[in-house]
Amino acid sequence: MTAMQHDPAYNFAYLDEQTKRMIRRALLKALAIPGYQVPFASREMPMPYGWGTGGVQVTAACLTPEDRLKVIDQGADDTTNAVSIRKFFERTAGVETTEHTTDSTIIQTRHRIPEAPLTEGQILVYQVPIPEPLRFLEPRETETRKMHALEEYGLMYVKLYEDIAHNGAISTAYAYPVKVEGRYVMDPSPIPKFDNPRLESAAIQLFGAGREQRIYAVPPYTQVVSLDFEDHPFEASKADHDCDLCGCGTSYLDEVIVDDAGGRMFVCSDTDFCAGRRAEGHRGRLSGEDAA
Amino acid sequence: MYVAVKGGERAIDAAHAWLAEERRGDASVPELSLAQIREQMSLAVNRVMAEGSLYDPDLAALAIKQARGDLIEAIFLIRAYRTTLPRIGHSRAVDTGAMRCDRRISATFKDAPGGQVLGPTFDYTHRLLDFKLAAEGGTPSAREAEPLAPEVPRITEFLNRDGLIQDEVRSEDTPPDMTRQPMEYPANRALRLQALTRGDEGFVLGMAYSTQRGYGRNHPFVGELRIGAVEVEMEIPELGFDICIGEVTLTECETVNQFMGSKTEPPQFTRGYGLVFGQTERKAIAMALVDRALRWEELGEENVGAPAQDEEFVLAHSDNIQATGFLEHIKLPHYVDFQSELELVRKMRKGAEGAMKEAAE
């Protein structure tokens with residue numbers, strides 16, 4: 001919405017050109033080997049590790065002055081950390097920012113894929129806390145790298161099977177593991193499994209894990225399959241409601257507690273998507289006539 | 001009626017304004033100057049420089065002031081600033097043998113050439129609150145002695161001459177740089193030492209302490225501990241020779257550790273090494289103990305499964321900036337993932353309740 005001059009005290013998009021070049025090399029390698037975690041010399045950023053430093057470095061390496069940047073956290077543009085990261089790039093890169101998915105060229109996200117289908121030419125940058133899908137089965141990096149190299153994913157299937165044996169269902173609701181182009185098992189970052197089908201996209205998807213020093217990618221139109229069993233197929237689930245503001249029955253919903261008696265409402269987690277629908281005249285159960 | 005986190009931007013601005021006010025504290029109390037912090041909180045400044053991996057007492061003092069005395073926050077500020085600095089070149093390896101020592105002690109020999117010099121240490125103070133300091137401390141002055149000889153010999157070299165201590169393998173290889181390359185396991189010793197010297201003092205201390213209590217015991221003695229200034233030299237290509245570009249204060253600790261010998265080596269002493277920016281001796285000693293514990297493989301020792309022997313465990317968790325960031329990120333909104341868990345738990349409970357009902361009927 002607003003383009004401004006970037007702070008001259010810093011290089012464009014904060015990082016120096018050498019560092020950006022190093023990150024771009026890692027990105028190209030990641031795109032060449034979909035789903036493979038490329039080690040990169042992650043830098044210390046002016047925001048804490050675990051707060052999107054990987055995504056910020058990837059975005060910084062991809063940004064050009066002509067880009068229009070959108071930043072979301074939990075699907076929303078106005079959550080505090082999304083505001084903070086957007087401000088960071090407004091200040092250090094001076095790029096135009098937007099809240100509209102369709103207007104953006106780069107979207108940095110935490111925990112969601114936007115509802116509106118992404119298109120060719122767009123880049124979706126994910127913030128990743130733990131890039132290794134096998135980490136909670138095997139804590140050692142030296143071991144998990146070997147397992148990936150040998151395509152030894154039996155342990156993961158055993159875990160999913162044990163879930164079914166104990167609970168009757170796979171008890172992973174977010175960061176649900178996927179297999180990319182039939183080769184690497186990949187952590188899609190903590191997006192709800194509802195979003196998994198949209199990992200097959202026309203856009204470039206880049207994943208940055210700053211603290212863990214890893215970058216990986218899913219190029220456009222790459223096959224991404226959520227792990228499952230024939231008799232327990234993967235199911236993308238959401239709350240069994242419609243959005244109370246825009247009435248949408250197919251979007252991912254947040255549950256909001258609205259009164260002391262535990263009353264609830266359900267609203268789209270993607271705020272831009274929800275506002276767009278309301279602008280088109282859609283109404284939900286709790287939106288008054290003036291809600292748009 | 002819909003009250004989700006709107007207005008994040010205004011809330012952030014307001015929080016920052018309040019933070020600035022709290023940082024200043026009671027306005028009737030004079031404001032701290034950076035010089036005051038640098039001169040009178042110098043051990044805090046040293047820790048920030050050591051773990052921030054940037055030797056600049058003025059910037060460290062600024063960081064401490066800005067961080068309201070939260071040293072990990074101050075270290076974080078220094079690290080983030082460090083990222084923006086261009087890498088102009090590399091210094092020569094500093095020569096700690098030529099250190100101008102303020103303090104130099106050995107626990108393994110009663111006396112040794114160069115002498116035992118206590119220096120400005122807390123070691124033999126009685127930890128009684130000095131209420132006089134609560135009033136005016138005044139400007140105490142200490143007697144001055146003649147400076148030590150310019151080259152103080154290393155204690156461990158005396159042992160080395162007799163072949164009683166394991167010789168360190170010399171290497172002309174350029175050591176890896178953990179700030180420019182991603183961490184790789186297994187790491188070599190140079191990389192381990194880099195990680196330890198910037199590692200969290202509390203973490204390294206705890207790891208070292210665990211070896212003393214039996215989790216990978218390695219019988220350390222402080223062979224030598226020295227603190228003082230060393231010159232930093234750099235070769236300037238245009239000149240073709242080395243010039244001194246400044247001076248840093250370092251704490252160096254060499255431990256002498258027992259070693260029972262192995263199939264290939266006769267019994268002899270082994271070494272652990274710690275080197276840290278500033279006067280930071282707790283950290284340097286702890287670093288030497290952890291370094292020694294991590295050398296089990298190279299020295300042909302048994303891995304007893306102690307945490308301090310586990311390179312990946314120690315190195316992956318020693319950095320307080322990584323640790324605090326990831327720990328505190330759980331304050332960020334997680335309602336999308338939480339929502340997906342909610343759905344799952346509700347669904348599974350429904351299934352379980354159904355099954356229990358069936359079983360009861």
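**Exercise 1.** In this predicted model, determine which residues of α1(A) are buried, and state which elements of chain A they pack against.

*Solution.* Begin with burial, for which a residue needs 20 or more other C-beta atoms within 10 Å of its own: A:Thr19, A:Met22, A:Ile23, A:Ala26, A:Leu27, A:Ala30 and A:Leu31 meet this in α1(A). An α-helix has 3.6 residues a turn, so residues three or four places apart point the same way. Next, take the contacts: the buried residues of α1(A) pack against β1, α2, β8 and β9 of chain A. Finally, place the helix itself, which covers residues 17-32 and reaches 22 Å from its first C-alpha to its last, close to the 22 Å expected for its 16 residues.

**Exercise 2.** Work out the strand order of the open sheet in chain A, and explain why β1 and β3 each have one side without a neighbour in the sheet.

*Solution.* The seven strands follow the order β1-β9-β8-β5-β4-β2-β3, with mixed pairing. Because β1 (38-39) and β3 (96-97) of chain A stand at the edges, each with a single partner strand, one side of each is left without a neighbour in the sheet. The pairing of β1(A) with β9 (residues 214-218) is antiparallel and runs over two bridges, and here A:Pro39 stands opposite A:Arg214.

**Exercise 3.** Identify which strands of chain A helix α2 lies across, and which strands α3 touches.

*Solution.* Helix α2 (residues 53-62) of chain A lies across β4, β5, β8 and β9, running at about 155 degrees to β5(A). Helix α3 (residues 80-92) of chain A packs on the sheet and touches β2, β3 and β4, its direction making about 155 degrees with that of β2(A).

How values were computed: Residues numbered from 1 in each chain as written. Chains lettered and ligands numbered in written order. Predicted model: local features only at pLDDT ≥ 70, side-chain atom pairs only at ≥ 80, totals over all residues. Pairing = 2+ DSSP bridges. Helix = DSSP H or I, 4+ residues; strand = E, 2+ residues; numbered from the N terminus. Contact = placed C-beta atoms within 7 Å. Axes fitted to C-alpha atoms, helices over the stretch in contact; angles between N-to-C directions. Expected span 1.5 Å × (residues − 1). Buried ≥ 20, exposed ≤ 12 C-beta atoms within 10 Å, placed from the backbone.
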